[in-house]
Amino acid sequence: MKNKISIIGAGMTGSTTALWLAERELADLVLVDILEGMPQGKALDMAEAMPIIGKDVEIVGANEYEATKDSDIIIITAGIPRKPGMSRDDLLNTNAEIVGTASSETLRHSPNAIFLVLTNPLDTMAYLTMKRNGLARERVIGQAGILDSARMSAFVAMETGVSVENIDCYVLGGHGDEMVPLTRHSNIAGVSLRDYLPADRLEAIIERTRKGGSEIVSLLKTGSAFYAPAAACAQMAEAILKDKKLIVPAAAYMQGEYGLNDMFFGVPVMLGANGMEKIIEYDLDEEEQAAFAQSAEVVKETHTALNKLVKI
Ligand code: APR
């Protein structure tokens, strides 16, 4: 039987995720959006591209959640994106309402699905999805760490001219300006970035990584990044459907790991058929621990704001 992935929100991120997924020929796809005709039109256009790239993927668009029935994975990208001058947290009120409904409605039709959440503020939207629906923590994963780490890797590649395939960067923590780029663990072909790059260049890369989302928002002016977030999401879906046991940075529900509890936070996780199968705990030095704690505080504040906003 073919797998099925439903993507809620067929905007820039949702439709680009569908395209990356279709290229992988992983599963049949459903695009859902509130805009009439839009998901249907994009799905049809994409279906018409399949003969060209030679992929047998069924892609349909819908305005109703019924079309998502029996999905293996639900990807939530519905919501509003950032505009210049907005923080991810500014999206909280609007997106909590949208993600709350989208997660409950899709769960009704796919009681066993695993949820990948991309809508911002990401860590808190994943928290909402899990709590509101009483889901096991394995079944809700937030996409952010792969993206933030890929941004850092891209900047390192631009700086050094080394192949992106040789560069492994690890950015953990919340998906905000307080994210934690781990320079000690990040490496180029096994050589720590701290040894490979002069300190001032490394610092500039860290700063650019932290502001990576804003850099794109201020260039685009009408929305936020979507190619790289969508690629990250497709990688996560593939790891789950193929039961790869792939370790990637992603937002997971913390139960004591890294000394954190009852919150989503970006950590290295193992992705397999059951979703988030394991959290890997790095040995952090004092400086890294302090950065983790600071980032966790910011995420907790947004969780608290959500708890005041809606009853979950
Ligand atoms: N149900 C389904 N779709 C919805 C709903 C809803 N209740 N509310 C809004 N949408 C749709 C919009 O119609 C739009 O097509 O969500 C889509 C969002 O797409 P874009 O506006 O293009 O935004 P995008 O760049 O894809 O970002 C979506 O992902 O990365 C995050 O911060 C980003 O929170 C934002 C989300």
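Which pocket does the ligand take up in this structure? The ligand fills the space of the largest pocket. Keep in mind as you look around that this is a predicted model. The points below start with the ligand, move on to the pocket, and end with two spots in the backbone that are worth finding on screen.

**Around the ligand**

- The ligand is surrounded by 22 residues, and M12, T13, D33, T77 and N120 are the closest of them.
- If you sort this shell by class, you get 12 nonpolar residues, nine polar ones and one charged one.
- Two helices, α1 (12–24) and α3 (92–109), each provide at least two residues of the shell.

**Contacts with the ligand's oxygen atoms**

- M12 has a backbone N or O atom that lies 2.8 Å from an oxygen atom of the ligand.
- T13 also brings a backbone N or O atom to 2.8 Å from an oxygen atom of the ligand.
- For I80, a polar backbone atom is 3.2 Å from an oxygen atom of the ligand.
- On its own, the ligand has 730 Å² of accessible area, and the protein covers 86% of this.

**The largest pocket**

- The largest pocket holds about 820 Å³ of space.
- Its lining is made up of 40 residues, and those closest to the pocket's centre are T13, T77, G79, I80 and P81.
- Four helices each give two or more residues to this lining: α1, α3, α5 (145–160) and α8 (212–220).
- Which element gives the most to the lining of the largest pocket? That is α3, with four residues.
- By class, the lining of the largest pocket splits into 19 nonpolar, 17 polar and four charged residues.
- Two names to look for in both places are T13 and T77, which are listed among the closest residues to the ligand and among the closest to the centre of the largest pocket.

**Two backbone spots to look at**

- Between N120 and P121 the peptide bond is cis, and its omega angle is near 0 degrees.
- You can find P121 in the loop that runs between β5 (114–117) and α4 (122–133).
- N120, on the other side of that cis bond, is also one of the closest residues to the ligand.
- Y258 is a residue other than glycine with a positive phi, near 50 degrees.
- To locate Y258, go to the loop between β12 (246–255) and β13 (261–272).

Terms used
Residues are numbered from 1 along each chain as its sequence is written. This is a predicted model: local features need pLDDT of at least 70, side-chain atom pairs count only at pLDDT 80 or more; totals for chains, interfaces and linings use all residues. Side-chain values use heavy atoms; hydrogens and water are left out. A residue is near a molecule or strand if one of its heavy atoms lies within 4 Å of it. A polar contact is a pair of N or O atoms within 3.5 Å; within protein, one must be able to donate a hydrogen and the other to accept it, and residues adjacent in sequence count only if both atoms are side-chain atoms. Accessible areas come from the Shrake-Rupley method with a 1.4 Å probe; for residues, only the protein chains shown count as cover. On a 1 Å grid over the protein atoms alone, a cavity is a set of points where a 1.4 Å probe fits but cannot get out, and a pocket is an open set with protein on both sides within 12 Å along at least five of seven lines; lining residues have an atom within 4 Å of a point. A molecule sits in a cavity or pocket if more than half of its atoms lie within 2 Å of its grid points. Ala, Val, Leu, Ile, Met, Phe, Trp, Tyr, Cys and Pro count as nonpolar, Asp, Glu, Lys and Arg as charged, and the others, Gly among them, as polar. Grid points are joined across faces, edges and corners, and a volume is the space filled by probe spheres set on the points.
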